[in-house]
Amino acid sequence: STARKPLIAGNWKMNLNHLEAIAHTQKLAFALGDKDFDRADVAVLPPFTDLRSVQTLVDGDKLRILYGAQDLSQHDGGAYTGEISGAMLAKLGCTFATIGHSERRQYHHEDDDVVNVKVQAAYRHSLTPILCVGEGLPVRQAGGQVAYSVAQLEGALRKVTAEQVASIVLAYEPVWAIGTGEVATPDDAQEVCGALRERLAELYDADVAAGVRILYGGSVKSDNIAGIMAQPDVDGALVGGASLDAGEFVKICRLGE
Ligand code: PEP
């Protein structure tokens, strides 16, 4: 993973109101040194209601922290009550839009077709998708993790061009490891991340595949990040629970070094 700069992204899920978000982002900014940003790109993925506050802090203090949304609408505007468009997120300075998180797939019934049109919506507004894939426990127990995750990748990338996919971020998040304290072994992470990269090379080309960052997500903490990062096809982490503790998240951004 030499040419690929690591990315550590904190998924706050439905936590932290906008005042708490400001305090948390200030803590992060205070604790992160210049060297940390040389080591890894650092991003936060707050709830929609926090994005304006985070933008104001990042812009005002010229913080090197990147930010993005946890989801976006497949539509660009109009009569879609409760939805947030890619245009709105781009206007708020978001770099990323998380798409296909397992909690969206599970609780909001987002299938590969919805994920696919959301990926296309992100690209229409120059947002970088953080595309999440990963198997549940029954699939893992049956040994089907590679086929399952690769099929989700293929479903998400229909009609997506090589030029577009060059900037994508993938996140392999085995559902059984999310929020459970059950972390995949570094070899488990490598197996699927490596397979995703191989499939990208087949769908597009080897250069594109070699440039795409693939994150692992699932109970990442400061004491397991180093082993995960040591894998050749793992380029960072998507961090849920541990991203809510500023001290712990900063240690993860230091890659456990
Ligand atoms: C996530 O929700 O993306 C995640 C990886 O959560 P956790 O780190 O809490 O397992």
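**Contacts, annotated sites and strand pairing**

S219 touches A177, T180, G181, E182 and V183, once residues up to four places away in sequence are not counted; here two residues are in contact if their C-beta atoms, placed from the backbone, lie within 7 Å. The model is predicted, with local features needing pLDDT of at least 70 and side-chain atom pairs counting only at pLDDT 80 or more, whereas totals for chains, interfaces and linings use all residues. Residues are numbered from 1 along each chain as its sequence is written.

**Exercise 1**

Locate S219 and G179, and decide whether S219 is buried, partly exposed or exposed.

Solution. Begin with the secondary structure, in which helices (H or I, at least four residues) and strands (E, at least two) are DSSP runs numbered from the N terminus. S219 lies in the loop between strand 7 (213-217) and helix 12 (225-229), while G179 lies in the loop between strand 6 and helix 10.

Next comes burial, where a residue is buried if 20 or more other C-beta atoms, placed from the backbone, lie within 10 Å of its own, exposed if 12 or fewer, and partly exposed in between. S219 has 19 other C-beta atoms within 10 Å and is therefore partly exposed; G179 has 13 C-beta neighbours inside 10 Å, so G179 also counts as partly exposed. Leaving aside neighbours within four places in sequence, G179 is in contact with G240 and G241.

**Exercise 2**

Establish which residues UniProt lists for "active site", and why they can be said to gather at one spot.

Solution. The unreviewed UniProt entry lists H101 and E173. They span 73 residues in sequence, yet no two of their C-alpha atoms are more than 8.3 Å apart, so they gather at one spot. UniProt positions are given in the numbering used here, feature names are shortened, and annotations may be inferred rather than shown by experiment.

Then place each residue. H101 sits in the loop between strand 4 (96-99) and helix 5 (102-107), and H101 is buried because 27 other C-beta atoms lie within 10 Å. E173 sits in the loop between strand 6 (169-172) and helix 10 (186-203), and E173 is buried because 29 other C-beta atoms lie within 10 Å.

Finally compare the contact lists, which leave out residues up to four places away in sequence. H101 is in contact with Q70 and C132, and E173 touches C132 as well as S102, G134, I178, G217, G218 and L238.

**Exercise 3**

Describe the "binding site" annotation and the shell around the ligand.

Solution. In the unreviewed UniProt entry, the annotation covers N11, W12, K13, G179, S219, G240 and G241. Although these are spread over 231 residues of sequence, they cluster in space, with a largest C-alpha distance of 13.8 Å.

Of the 13 residues around the ligand, I178, G179, G217, G240 and G241 come nearest, a residue being near a molecule if its C-beta atom, placed from the backbone, lies within 6 Å of it. By class, the shell has five nonpolar, seven polar and one charged residues; Ala, Val, Leu, Ile, Met, Phe, Trp, Tyr, Cys and Pro count as nonpolar, Asp, Glu, Lys and Arg as charged, and the others, Gly among them, as polar.

For the backbone at K13, phi is near 50°, a positive value in a residue other than glycine. K13 is found in the loop between strand 1 (7-11) and helix 1 (18-31), and with 17 C-beta neighbours inside 10 Å K13 counts as partly exposed.

**Exercise 4**

Trace the strand partners of strand 1 and of strand 6, and state which strand 1 residues lie on each side.

Solution. Two strands pair if DSSP finds at least two bridges between them. Strand 1 pairs in the parallel sense with strand 2 (residues 41-45) over five bridges, and I8 stands opposite V42 there. Four bridges join strand 1 to strand 8 (residues 236-239), again running parallel, and the partner of I8 in strand 8 is A237. Both faces of strand 1 are covered, with L7, A9 and N11 buried on one side and I8 and G10 buried on the other.

Strand 6 pairs in the parallel sense with strand 5 (residues 128-133) over four bridges, where I130 stands opposite V169. Four bridges also join strand 6 to strand 7, and these strands run parallel; Y172 has Y216 of strand 7 as its bridge partner.
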